[in-house]
Number of protein chains: 2
Amino acid sequence: MSSFRIGLAQVNCTVGDLEGNTAKILHYIDRARAMQVDLLCFPEMTITGYPPEDLLLKPEFITGNLEKLDVIVRHSAAIALVVGFVDSRDGLYNAAAVAYDGELCGIYHKTCLPNYGVFDEKRYFQPGTKAPIFVINGVSIGVNICEDIWYPTGPASRQASAGAEVIVNISASPYHAGKRDFREQMLSHRASENTVILVYTNLVGGQDELVFDGGSMLLDERGEAIARAKQFEEDLLVVDLDIEEHRRPQGPRIIVSQEAHTEPRTPIPARSVEIHDRVGEIYAALVLGTRDYIHKNGFYRVLVALSGGVDSSLVAAIAVDALGPENVVGVSMPSRYSSEGSRTDARLLSENLGIEMRVIPIEEAMDSYLSILAGSFAGTQEDIAEENLQARIRGNILMALSNKFGWLVLTTGNKSEIACGYCTLYGDTAGGFAVIKDVPKTLVYELARHKNSSAAREIIPRRVIEKEPSAELRPGQRDVDSLPPYEVLDPILEAYIEEDKSLDQIVALGFDRKMVQRVISLVDRSEFKRRQSPPGIKITPRAFGKDRRFPITNRYRSS
Amino acid sequence: MSSFRIGLAQVNCTVGDLEGNTAKILHYIDRARAMQVDLLCFPEMTITGYPPEDLLLKPEFITGNLEKLDVIVRHSAAIALVVGFVDSRDGLYNAAAVAYDGELCGIYHKTCLPNYGVFDEKRYFQPGTKAPIFVINGVSIGVNICEDIWYPTGPASRQASAGAEVIVNISASPYHAGKRDFREQMLSHRASENTVILVYTNLVGGQDELVFDGGSMLLDERGEAIARAKQFEEDLLVVDLDIEEHRRPQGPRIIVSQEAHTEPRTPIPARSVEIHDRVGEIYAALVLGTRDYIHKNGFYRVLVALSGGVDSSLVAAIAVDALGPENVVGVSMPSRYSSEGSRTDARLLSENLGIEMRVIPIEEAMDSYLSILAGSFAGTQEDIAEENLQARIRGNILMALSNKFGWLVLTTGNKSEIACGYCTLYGDTAGGFAVIKDVPKTLVYELARHKNSSAAREIIPRRVIEKEPSAELRPGQRDVDSLPPYEVLDPILEAYIEEDKSLDQIVALGFDRKMVQRVISLVDRSEFKRRQSPPGIKITPRAFGKDRRFPITNRYRSS
């Protein structure tokens with residue numbers, strides 16, 4: 001039995017930041033070396049960040065990433081590394097470099113390239129075909145990348161049957177609700193069916209619409225998790241493995257170093273991390289996704305329009321947790337249709353959050369539009385045109401403040417509204433980042449309650465959570481005048497959008513046919529609005545955006 | 001020597017319109033049968049339209065398309081057909097059905113699946129592996145699909161060496177400038193190197209950002225084009241082929257019908273189609289793309305903001321050619337910075353085009369914003385915030401008219417501006433369709449001159465074409481205050497965006513380093529604006545949109 005000290009560097013990279021990502025990698029190598037780590041693993045495509053999309057088509061970007069790999073390899077004195085990068089010999093490969101003591105010892109090319117959901121890897125990469133074993137300090141290790149580990153017949157099983165004692169998988173696995181549990185179950189199967197120790201190093205951080213949730217882990221040969229890294233935070237997890245038997249590698253193997261570490265090492269103190277509950281996990285994902293989008297794009301301060309409703313209240317709370325109250329500005333923009341309750345609730349929320357609050361009434365602008373449009377609108381009835389004007393005046397005011405002071409506007413629309421097009425393009429959809437665009441309204445309520453209970457006080461006023469939802473764009477307006485109640489709407493939307501169920505299949509779940517027909521029609525016809533809406537954080541198995549690619553011009557109707 | 005009458009049904013399908021597309025297919029079958037056609041070929045994925053994107057993930061959509069295939073097959077009495085559809089046996093396939101006299105005789109699965117540029121076929125489809133020969137009325141025919149024909153080693157060469165006398169390729173090949181010529185050259189190589197007659201049937205019509213340009217053609221065994229269908233229009237091209245020798249198929253073959261047609265047929269009159277010149281072709285693509293986007297999305301009338309500049313003048317002219325003058329409304333929205341010349345030019349243009357013109361001055365709305373923002377803006381200098389407010393007021397007015405009357409707003413930004421972010425989000429980018437978003441400014445001028453010369457009169461006033469470009473958002477503003485002259489800017493943009501050249505490589509072409517650096521930085525930093533801009537027609541080899549997938553969060557800087 002020999003001791004092998006393994007490190008999982010769960011780092012938060014930025015796409016394209018070759019310099020910054022490399023500096024971070026070097027920093028983690030130094031930390032791990034100081035802890036006498038045998039092998040330190042970094043996530044998939046650590047050097048480039050993930051996903052770099054069409055940056056991968058730029059030859060100089062690939063060259064730049066290879067130059068950084070050289071720097072990293074040279075920095076591997078007395079430690080072995082697995083680092084994700086992009087290889088470019090005879091085509092592009094999503095690759096893992098194995099380095100030791102200043103030398104590049106070998107390269108693994110990802111075999112299974114995901115090209116579904118948010119993934120486009122076949123747009124860029126060739127699949128690898130080899131699955132060598134690396135012998136590192138006497139231990140036989142199979143290295144593979146992300147998608148490779150999700151299939152029972154993937155390279156992990158070939159590596160295990162060729163004698164690997166440890167499988168190192170480096171990942172950039174995007175978050176959706178419940179994915180951590182799902183992933184742990186899958187990894188547990190993979191470890192136990194192959195009787196290998198499984199070292200899973202995941203990326204952490206937000207990138208446009210994606211959040212990588214970290215939650216790296218280590219599982220033993222029976223498939224039991226023996227160590228876990230934090231969720232939604234950078235982390236360096238170091239674990240001592242007792243390798244019980246030395247298998248003899250059967251297949252091709254690359255000898256990195258034959259000798260096991262023998263000197264005594266300072267023991268690694270045991271640690272445990274808290275696993276979030278379902279709603280807490282989603283909240284944490286929204287906070288990280290928001291913070292990283294803002295900071296990685298060079299912004300510090302954000303603006304949120306506070307209507308006194310639950311959506312904007314939740315977004316402001318998330319923004320405060322992401323950026324601090326000093327970096328969040330609330331703007332209340334009342335019109336003649338805004339209730340006194342809404343104004344009071346918005347003010348109360350801003351006080352609870354400790355944020356600056358500006359009040360900018362929109363009546364004067366509304367009057368001027370009605371005046372200059374009077375000729376064109378003569379003889380018409382008030383309708384959606386006037387309602388939308390109010391929303392667009394608010395959008396303009398937010399953007400004027402954004403342009404003047406350099407603050408980024410957070411939009412506050414939820415997934416139920418955005419699915420149905422119950423929003424005004426260039427109005428409430430105007431802004432840089434749509435924090436809760438993938439959060440159905442029923443979940444918005446759960447998240448608001450979660451915020452209050454985890455703060456152990458009423459941050460979001462109870463009245464905001466309990467009152468009937470209204471856009472307040474005309475007298476007495478209520479959401480239920482336009483949409484089914486959210487408890488009914490949300491399951492219909494989930495069946496249609498996330499599960500690709502047909503009209504008939506959804507009706508068979510027990511919903512009224514006319515209602516389902518109407519909802520489907522609203523979703524189909526509002527694709528043009530979503531196409532022009534800002535990015536926001538994916539938290540469901542299928543978000544709008546890269547995850548669901550629908551034509552705008554589309555005459556198909558479900559039956 | 002036997003005579004074989006072949007038909008190319010170059011149809012304009014609508015994505016998702018299974019019913020409408022099928023009706024159109026049946027109509028063309030009837031027309032071709034009446035002309036005693038032996039074999040009628042339809043484009044790739046005729047039944048579903050192309051590209052249906054994630055509609056393909058809906059099982060009911062696939063089933064619906066198979067039901068329509070049945071209808072079409074049953075309609076094939078006394079005629080052979082090749083029709084594009086989606087097959088679903090053991091996975092999804094981009095497929096071609098061969099039918100004859102009411103029977104489905106065989107199916108070909110596309111072998112080469114494009115997954116680059118605007119294409120995502122590996123997201124949906126499995127590649128086919130077989131390349132059978134069909135014997136139709138005694139002639140040996142190899143069928144393949146679009147991308148398959150672009151490779152010398154693709155299925156066409158296997159089919160030819162297995163004895164095919166004719167290769168039928170059915171395509172949905174999107175347009176970019178010059179592609180017709182490029183395609184004809186490629187097809188010519190493929191026909192001559194395989195010594196086969198090549199029948200190339202392409203889709204025609206606009207679908208969101210893509211225009212399929214038609215231009216179907218027939219090439220003889222020496223690679224010479226012997227017949228061409230129209231560009232940018234539906235067409236039924238019928239040609240009599242003299243099959244000189246009957247080769248004996250070597251590989252697997254499917255006997256559809258052994259007997260050649262013998263009765264005398266009414267001869268097909270010879271015809272020739274005009275091939276557009278470079279600029280005329282682009283103009284025609286813009287007209288078709290605009291018409292189809294508007295009509296296929298259920299709109300009839302459009303609004304264009306007329307600034308008196310060349311961009312909006314060109315867009316209005318295209319709209320008139322696409323929809324008729326009665327369906328185009330011009331709106332002039334002057335501010336204190338609008339020159340008298342601009343107002344006059346806009347009015348003159350609308351008279352030349354014969355369109356309705358509304359004048360809605362924006363001063364009053366601007367004053368009201370400045371008043372309600374006075375508190376927030378106190379102590380600040382006038383800057384981009386005030387400039388953008390003007391653009392956004394105009395956007396709001398257009399959208400108010402759109403909402404009130406159901407007219408779709410056409411935006412007028414060109415590719416040079418959009419590349420550099422020289423546009424106001426929710427201002428001049430607000431609208432449903434961005435007609436010239438992929439047209440560089442220097443090409444805008446060429447197109448404007450083309451319009452006048454093809455109309456043989458000055459539709460777009462000469463002064464509009466000759467005056468210095470200005471956004472007129474502040475006194476004395478000129479585009480060259482913010483951007484390099486367009487003759488310099490456009491080649492830099494082309495090198496960076498379309499050719500993925502690095503800063504160093506562009507400087508080596510003879511441009512000033514500081515200027516190139518600035519342009520690249522503008523392009524990199526304005527991705528967030530493009531992500532929220534409306535779709536528009538691709539006319540270059542690399543358009544913004546699905547064609548160029550860039551992260552917004554991106555710290556990479558070219559060197």
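This is a short chat about how to read a predicted model with chains A and B.

Reader: Where do I start with chain A, and how many helices and strands are there?

Author: Start with the inventory: chain A holds 18 helices and 20 strands. Then look at the overall spread. Its radius of gyration is 26 Å, close to the 24 Å the globule rule gives for 559 residues, so chain A is as compact as a globular protein of that length. Along the principal axes, the C-alpha atoms fill a box of roughly 85 × 50 × 45 Å.

Reader: What share of chain A is buried?

Author: Count a residue as buried if 20 or more other C-beta atoms lie within 10 Å of its own. In chain A, 57% of the 559 residues are buried. As for contacts with a separation of 6 or more, 74% of them in chain A join residues 24 or more positions apart.

Reader: Now the pair. How many residues of chain B are in contact with chain A?

Author: 71 residues of chain B touch 71 residues of chain A. Several helices of chain B each supply at least two residues to that side, among them helix 1 (18-34) and helix 5 (278-296). Helix 10 gives the most, with 13 residues. By type, this side of chain B divides into 32 nonpolar, 21 polar and 18 charged residues.

Reader: What rotation superposes chain B on chain A?

Author: A rotation of 180°, with 0.0 Å of shift along its axis and an RMSD of 0.0 Å. That is the relation of a two-fold axis. To find the axis by eye, go to B:Gln532, whose C-alpha comes closest of chain B's residues, at 2.0 Å.

Reader: Why do we say the copies meet through the same surface?

Author: Because 100% of the interface residues of chain B are also interface residues in chain A.

Methods:
Residues numbered from 1 in each chain as written. Chains lettered and ligands numbered in written order. Predicted model: local features only at pLDDT ≥ 70, side-chain atom pairs only at ≥ 80, totals over all residues. Helix = DSSP H or I, 4+ residues; strand = E, 2+ residues; numbered from the N terminus. Rg over C-alpha atoms; globule rule 2.2 N^0.38 Å. Buried ≥ 20, exposed ≤ 12 C-beta atoms within 10 Å, placed from the backbone. Contact = placed C-beta atoms within 7 Å. Nonpolar A, V, L, I, M, F, W, Y, C, P; charged D, E, K, R; others polar. Least-squares fit on C-alpha atoms with pLDDT ≥ 70 in both.
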